[in-house]
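Visitor: I have not seen this structure before. Please show it to me, and then I will ask why things in it are called what they are called.

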Amino acid sequence: VNAVAFVPGSKLALAAGDDGTVALWDLETGKLAHRFLGHEAKIVGLAVSADGKWAASASWDRTARLWDLAKREPGPVLSGHQGPVNAVAFSADGSRVYSASADGTIGLWSSADGSFQRPLYRHGWGINVLARLPGGERLIFGGLNGSLAVVDGETGATVMELPAHERPVLALAVLA
């Protein structure tokens, strides 16, 4: 298991890993409620929309995928990165998905149909982790080169660069 996420407003959780599947777990019974199939490589990142209706997964098959949690059906495939996709995050209103890739870009996608909107940010190194900061559309990311930065989720402009680490940034947490 490489990634986990709770589903807001429910007693469900998601887990995903090397087998390329997303498992939906019932936390009251401890039983598997559903397994989403479709990725062709390991999954390393998960996100859930604030309303708990959609999940997004990031995979080393160079795609991110959306999953309809209510219908328990696959949604759009977000395809176009030139390297493994390492992280995903939803916009505050759930209308967009951000994807971070080893190709050094953060992509912006429509969650309604999975269409690629544009590259939001280009970094000279691979991007390992990504999270949306509470209260707006600012994103924090960590890179292969140890960099940490905050970018505007609307414009892609760098808001703040944090002191770099000596090694790759592989995890980050955001307090709500």
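Visitor: What makes Lys 11 and Glu 28 a salt bridge?

Guide: A salt bridge requires a side-chain nitrogen of Lys or Arg within 4 Å of a carboxyl oxygen of Asp or Glu. The closest N and O atoms of Lys 11 and Glu 28 are 3.1 Å apart, so the pair meets the definition. Its two residues come from distant parts of the chain: Lys 11 is in the loop between strand 1 and strand 2 (12-16), Glu 28 in the loop between strand 3 (22-26) and strand 4 (31-36), and 17 residues separate them.

Visitor: On what basis were these values obtained?

Guide: This is a predicted model, in which local features need pLDDT of at least 70 and side-chain atom pairs count only at pLDDT 80 or more, while totals for chains, interfaces and linings use all residues. Residues are numbered from 1 along each chain as its sequence is written, and side-chain values use heavy atoms, with hydrogens and water left out.

Visitor: Why is Glu 28 called exposed?

Guide: Buried means under 20% relative accessible area, exposed over 50%, and partly exposed in between (1.4 Å probe, protein chains only). Glu 28 has 59% relative accessibility and therefore counts as exposed.

Visitor: What is the N to O distance in the salt bridge of Lys 42 and Asp 18?

Guide: The closest N and O atoms are 3.6 Å apart. Lys 42 sits in the loop between strand 4 and strand 5 (43-48) and Asp 18 in the loop between strand 2 and strand 3, so the salt bridge ties together parts 24 residues apart in sequence. Lys 42 is partly exposed, because its relative accessible area is 26%. Asp 18, at 53%, is exposed.

Visitor: How many salt bridges does the structure hold?

Guide: The structure holds five. One of them joins the side chains of Arg 96 and Glu 154, at 3.2 Å from N to O. Arg 96 is in strand 10 (residues 96-101) and Glu 154 in the loop between strand 15 and strand 16, 58 residues apart. Arg 96, Glu 137 and Glu 154 are linked in a network of salt bridges.

Visitor: Is Arg 96 buried or exposed?

Guide: Arg 96 has a relative accessible area of 16% and is therefore buried. Its partner Glu 154, at 40%, counts as partly exposed.

Visitor: How do you know that strand 15 and strand 16 pair?

Guide: Strands are DSSP runs (E, at least two residues; helices are H or I, at least four), numbered from the N terminus. Two strands pair if DSSP finds at least two bridges between them. Strand 15 (residues 148-152) and strand 16 (residues 158-162) have four bridges and run antiparallel, so they pair by that rule. Across the pairing, Leu 148 stands opposite Leu 162, and Ala 149 has Glu 161 as its bridge partner. The two strands form a hairpin with five residues between them, and Gly 156 in the turn has a positive phi of about 85 degrees.

Visitor: What makes strand 13 and strand 16 edge strands?

Guide: The open sheet of four strands has the order 13-14-15-16, paired antiparallel. Strand 13 (127-132) and strand 16 each pair on one side only.

Visitor: Why are strand 9 and strand 12 said to stand at the edges?

Guide: They belong to an open sheet of four strands in the order 9-10-11-12, with antiparallel pairing. Strand 9 (85-90) and strand 12 (116-122) each have a single partner strand, so one side of each has no neighbour in the sheet. Strand 12 is joined to strand 11 (residues 105-110) by five bridges, the two running antiparallel. Leu 108 stands opposite Arg 118 in strand 12.

Visitor: What is notable about the phi of Arg 62?

Guide: Most residues other than glycine have a negative phi. Arg 62 has a positive phi, near 75 degrees, and is not glycine. Arg 62 is found in the loop between strand 6 (54-59) and strand 7 (63-68). Arg 72 also has a positive phi without being a glycine, at about 55 degrees, and lies in the loop between strand 7 and strand 8 (73-79).
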